[in-house]
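Got your viewer open? Let's take a walk through this protein, one selection at a time.

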Amino acid sequence: MRRIALASVAAVGLCLIAVAAALAAPQRTTAQIRVLAAASLTNVFPKIDPTAKFSFAGSDALAAQIRLGAPADVFASANISLPNALYAQGLLEKPVVFTTNKLVIVVPESNPAGIKTVFDLRRQGIKLLVGTSTVPIGVYTRTILRNLALTSVLSNVVSQETDVRSILSKVALGEADAGFVYSTDAKTVADKVNVVTLPAWAQPPVRYGIAVLKATKDRADAVAFINKVLGKAGQAKLRAAGFGAVKKGVTSYAGG
């Protein structure tokens, strides 16, 4: 009986030691990851994950920051070519496409230039805004103009902006007659601009890419963020904001 009692006391002692050690061990907390994201995602990404820290800007500017070693965990671009290039350079894990978009023309609500179609942009005196030739919105704009044989309208450009939100805000304020933006951006100021649609056949494929930075210090939480974007709830929020679905889209992030 004495042996049994001693064994019981020893077992209780070991349990108490294990509990004390567990309580003393540092508990892992979810980090606040930093997400570098295209300006067109400004309104929707915080709805998908309000705990992340976001830096929104033109995708090419964000890619340049990554090349310079800016501390971040996730990159979400308004195209797939920039993430693919960073992946080839060993700076990102393998990117995936997580949503799509399309281009429209926005004009001020009063539409002083009377722009009804894209062909009206050929008129002399039109003040047009486009993205720079390196930012995705600028690349897509030039592609659609080539598809429409309308590159001559670039002679009416009064300013080239570094991100789509700059174009949108200037048109909404009446500082230009028209600008090329994503349809999702136009929805965010629907009371301040009118939308001129562009022919579907001339639209370039606008695909958004996302990936984890190789230099991240918290890959687990970075992957968790991307999985929120790819998951059912995240995709529903993107759809509600006007973004398009991805054919045969992935539902979880593998990276690598």
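Which residue forms a salt bridge with D120? Select D120 and R123 together and you have your pair: the closest N and O atoms are 3.6 Å apart. Keep in mind as you click around that this is a predicted model.

Now look at how much cover each partner has. D120 has a relative accessible area of 18%, and since buried means under 20%, D120 counts as buried. R123, at 36% relative accessibility, is partly exposed.

**Zoom out for a moment**

Switch to a cartoon view of the whole chain. You should find nine helices and ten strands. Of the 256 residues, 49% count as buried. Try picking a few contacts between residues at least 6 apart in sequence: across the protein, 73% of those join residues at least 24 apart.

**More salt bridges**

A search of the whole structure turns up five salt bridges, and D120 with R123 is one of them. For another, select K170 and E161. Their side chains meet with 2.9 Å from N to O. Is E161 buried or exposed? With a relative accessibility of 7%, E161 is buried, while K170 is partly exposed at 28%.

Next, select D185 and R165. These two form a salt bridge as well, and their closest N and O atoms are 2.5 Å apart. D185 sits in helix α7 and R165 in helix α6 (residues 164–172), so this pair ties together parts that are 20 residues apart in sequence. Color D185 brightly if you want to keep track of it, because D185 is buried at 0% relative accessibility.

**Into the largest pocket**

Keep R165 selected, since R165 is one of the residues that line the largest pocket. To see the rest of the lining, add S40, N43, V44, K47, T184, K187, T188, K237, A240, A241 and F243. Two elements give two or more residues each to this lining: α7 (183–188) and α9 (232–240). Of the elements, α7 gives the most, with three residues.

How many of the lining residues are nonpolar, polar and charged? Color them by type and you'll get an even split: four nonpolar, four polar and four charged. The pocket itself has a volume of about 180 Å³.

Before you leave, click on T184, which is found in helix α7. Its relative accessible area is 3%, so T184 is buried. Leaving out residues up to four places away in sequence, T184 touches S40, N101, A241, G242 and F243. S40, A241 and F243 should look familiar from the pocket lining.

**On to the nonpolar core**

Select F45 and F225. Within the largest nonpolar core, which has 77 residues, these are the ones with the most contacts. Helix α8 (residues 219–230) supplies the largest share of this core, with six residues.

Stay on F225 and show what surrounds it. Which residues does F225 contact beyond its neighbours within four places in sequence? They are I33, V35, F45, D49, A52, F54, V74 and I210.

Pick A52 out of that group. A52 sits in the loop between α2 (45–48) and β2 (53–57). Along the chain, A52 and F225 are 173 residues apart, but their C-alpha atoms are separated by 8.2 Å. A52 is buried, at 9% relative accessibility. With its neighbours within four places in sequence set aside, A52 is in contact with Q32, I33, V35 and F225. Notice that I33 and V35 appear among the contacts of F225 too.

**Last stop: a cavity**

How many cavities of 30 Å³ or more does a search of the whole structure find? There is one, and about 70 Å³ of space lies inside it. To get there, select A39, G58, S59, A78 and V135, which lie nearest the centre of this cavity among its 13 lining residues.

Color this lining by type, just as you did for the pocket. Here you'll get nine nonpolar residues, three polar and one charged, whereas the pocket lining had four of each kind.

How values were computed
Residues are numbered from 1 along each chain as its sequence is written. This is a predicted model: local features need pLDDT of at least 70, side-chain atom pairs count only at pLDDT 80 or more; totals for chains, interfaces and linings use all residues. Side-chain values use heavy atoms; hydrogens and water are left out. On a 1 Å grid over the protein atoms alone, a cavity is a set of points where a 1.4 Å probe fits but cannot get out, and a pocket is an open set with protein on both sides within 12 Å along at least five of seven lines; lining residues have an atom within 4 Å of a point. Grid points are joined across faces, edges and corners, and a volume is the space filled by probe spheres set on the points. Helices (H or I, at least four residues) and strands (E, at least two) are DSSP runs, numbered from the N terminus. Ala, Val, Leu, Ile, Met, Phe, Trp, Tyr, Cys and Pro count as nonpolar, Asp, Glu, Lys and Arg as charged, and the others, Gly among them, as polar. A salt bridge is a side-chain nitrogen of Lys or Arg within 4 Å of a carboxyl oxygen of Asp or Glu. Buried means under 20% relative accessible area, exposed over 50%, partly exposed in between (1.4 Å probe, protein chains only). A nonpolar core is a set of buried Ala, Val, Leu, Ile, Met, Phe, Trp, Tyr and Cys residues joined through side-chain atoms within 4.5 Å. Contact means heavy atoms within 4.5 Å.
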